[in-house]
Amino acid sequence: MSSKSLEIRARNLVKFENGSKIANKWTIMRMLGTGAFGVVYKVADTSYDLFAMKTEKYTPRNVLKVEVKVLSMAKKRKMSHFLKLFETGTCKGGVRGEYLIYIVMELAGSSLDALRRLRPNRRFTLLCALTIGVQFIGAIEELHELGYQHRDIKAANFAIGHVPEGTEDQHRRKSFYIIDFGLCRAVIDSSGNLRHPRKAAPFRGTVRYAPLNCHILRETCRKDDLESWLYSQIEYTRGSLPWRDLNNIVDVGLYKERCRHDIGLGELMGGCPRQYIKILRYLDSLRYYDKPDYKHICDLLKDAGKIFGQFKPTYDWIDEGLRGGNGNAEITERSSNPSRS
């Protein structure tokens with residue numbers, strides 16, 4: 001990160017000390033993480049129940065406003081892959097007493113990326129990877145049903161449920177949540193129709209997982225969230241992506257294009273079920289206005305699991321007792337341009 005980026009980030013962050021009180025109700029327990037535009041804390045209410053709080057300096061174009069909208073809609077429609085939103089508000093904080101916007105939500109457990117990094121060769125067993133894939137597709141479908149595109153799909157933005165210390169609620173550790181809506185964009189207009197694509201769109205997302213359309217600055221759509229998911233799916237199935245050591249947007253885009261064909265395809269899909277190739281071909285066949293067939297993709301994942309007999313959901317972190325970090329802390333630190341366009 002450049003010195004200029006660090007300077008901008010420092011100006012945007014307003015931090016609270018442990019023990020600080022917010023709105024005379026929430027006590028800061030500790031900081032969970034920081035991003036380009038905000039800070040995430042573990043907080044306790046007056047009954048000492050634990051929650052996550054995201055804070056951000058108040059501006060006319062706050063990223064958190066979109067997160068509030070998405071979580072509120074998901075809560076109203078009782079969707080299963082979103083953390084519960086409990087409170088939103090504004091307060092003063094920091095040395096200069098600046099105005100902040102904050103949201104209080106359910107505390108998440110480990111992100112899938114944190115759990116992956118704890119495993120040998122940084123990959124899950126195949127049945128576990130397929131289990132995650134089915135749940136991830138379900139979460140993306142729910143978000144799209146709300147009329148939003150995520151634009152930063154990756155394993156760091158998918159978390160399991162939080163299990164309080166000293167308890168072993170395995171059901172919570174089998175629950176999955178899509179998080180961090182800082183780059184979300186509404187894809188449905190006020191009339192309920194799919195928005196028309198712009199002639200050109202700035203790069204949004206994380207370079208490693210961004211869809212090809214991002215690399216050529218073309219408007220992205222619902223199928224592009226699924227392309228980003230597939231890159232993550234491949235990564236936690238085989239342990240890495242071929243372009244993992246590259247950071248340049250153009251170079252990574254060219255590599256992704258090359259991995260659609262012949263030797264490049266083998267390099268990308270080596271160690272993965274053949275169904276992943278079918279999914280890639282299917283996604284590449286979709287156009288901007290096409291609605292993805294989420295069930296078709298899930299059926300292909302389940303079909304890949306039949307080499308073990310009947311597809312059976314598997315959770316490596318439960319079998320191995322893995323715990324790694326907290327999903328609420330993953331907030332677009334390495335993502336590009338969390339603006340409202």
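1. Helices H10 and H11. In this predicted model, helix H10 (residues 275–285) and helix H11 (residues 294–304) have axes that come within 9 Å and cross at roughly 165°. Angles over 145 degrees count as roughly antiparallel, and H10 and H11 are therefore roughly antiparallel to each other. The crossing of this pair, H10 and H11, is right-handed. On the H10 side the residues in contact are Gln275, Tyr276, Lys278, Ile279, Tyr282 and Leu283, and they meet His296, Ile297, Leu300, Leu301, Asp303 and Ala304 in H11.

2. Helices H7 and H11. H11 also packs with H7, the two axes coming within 12 Å and crossing at roughly 15°. Angles under 35 degrees count as roughly parallel, and H7 and H11 are therefore roughly parallel to each other. The crossing of H7 and H11 is right-handed. Here Arg222, Leu226, Trp229 and Gln233 of H7 meet Tyr294, Ile297 and Leu301 of H11. Ile297 and Leu301 of H11 are also among the residues that meet H10.

3. Glutamine 233. What is the relative accessibility of glutamine 233? The value is 0%, so glutamine 233 counts as buried. Glutamine 233 belongs to helix H7 (residues 222–238). Once its neighbours within four places in sequence are set aside, glutamine 233 is in contact with Ala129, Leu130, Gly133, Tyr276 and Leu301. Of these partners, Tyr276 is a residue of H10 and Leu301 is a residue of H11. Glutamine 233 in H7 thus has contacts that include a residue of each of the two helices treated in the first point.

4. Isoleucine 178. Strand E10 (residues 176–178) contains isoleucine 178. This residue, isoleucine 178, counts as buried because its relative accessibility is 1%, where the limit is under 20%. Setting aside neighbours within four places in sequence, isoleucine 178 is in contact with His81, Phe82, Ala139, Leu143, His150, Ile153, Asn157 and Phe158. Isoleucine 178 and serine 111 are 67 residues apart along the chain, and their C-alpha atoms are separated by 9.6 Å.

5. Tyrosine 102. Strand E6 (residues 98–105) holds tyrosine 102, which counts as buried at 3% relative accessibility. Residues up to four places away in sequence not counted, tyrosine 102 touches Ile22, Ala23, Trp26, Met53, Lys54, Thr55, Glu87, Thr88, Gly89, Thr90 and Cys91. Among these partners, Ile22 lies within the residue range of strand E1 (21–22) and Trp26 within that of strand E2 (26–34). Glu87, Thr88, Gly89, Thr90 and Cys91 fall within the range of strand E5 (85–93). Tyrosine 102 and leucine 64 are 38 residues apart in sequence, and the distance from C-alpha to C-alpha is 7.7 Å.

6. Cysteines. How many disulfides does a search of the whole structure find? The search finds zero disulfides. A disulfide is a covalent bond between the sulfur atoms of two cysteines. Cysteine 91 counts as buried, at 12% relative accessibility, and cysteine 184 is buried as well, with a relative accessible area of 2%. Cysteine 91 is also one of the residues touched by tyrosine 102.

7. Positive phi values. Two residues other than glycine deserve a check of the backbone. Asparagine 24 has a positive phi near 55° and lies in the loop between strand E1 (21–22) and strand E2 (26–34). Lysine 78 likewise has a positive phi near 55°, and its place is in the loop between helix H2 (63–76) and strand E5 (85–93). Are these residues buried or exposed? Asparagine 24 counts as exposed because its relative accessibility is 74%, and lysine 78 counts as exposed because its value is 76%; the limit for exposed is over 50%.

8. Overall composition. The protein has twelve helices and eleven strands. Of its 341 residues, buried residues make up 56%. Among contacts with a separation of 6 or more, 66% are between residues 24 or more positions apart. The accessible surface comes to about 15,900 Å², and carbon and sulfur atoms account for 51% of that area.

Technical notes: Residues are numbered from 1 along each chain as its sequence is written. This is a predicted model: local features need pLDDT of at least 70, side-chain atom pairs count only at pLDDT 80 or more; totals for chains, interfaces and linings use all residues. Side-chain values use heavy atoms; hydrogens and water are left out. Helices (H or I, at least four residues) and strands (E, at least two) are DSSP runs, numbered from the N terminus. Buried means under 20% relative accessible area, exposed over 50%, partly exposed in between (1.4 Å probe, protein chains only). Contact means heavy atoms within 4.5 Å. Accessible areas come from the Shrake-Rupley method with a 1.4 Å probe; for residues, only the protein chains shown count as cover. A disulfide is a pair of cysteine sulfur atoms within 2.5 Å. Axes are lines fitted to C-alpha atoms, for helices over the stretch in contact, and angles run from 0 to 180 degrees between N-to-C directions. Angles under 35 degrees count as roughly parallel, over 145 as roughly antiparallel, 65 to 115 as roughly perpendicular and the rest as oblique. A crossing is left-handed if the near helix is turned anticlockwise from the far one by less than a right angle, and right-handed if clockwise.
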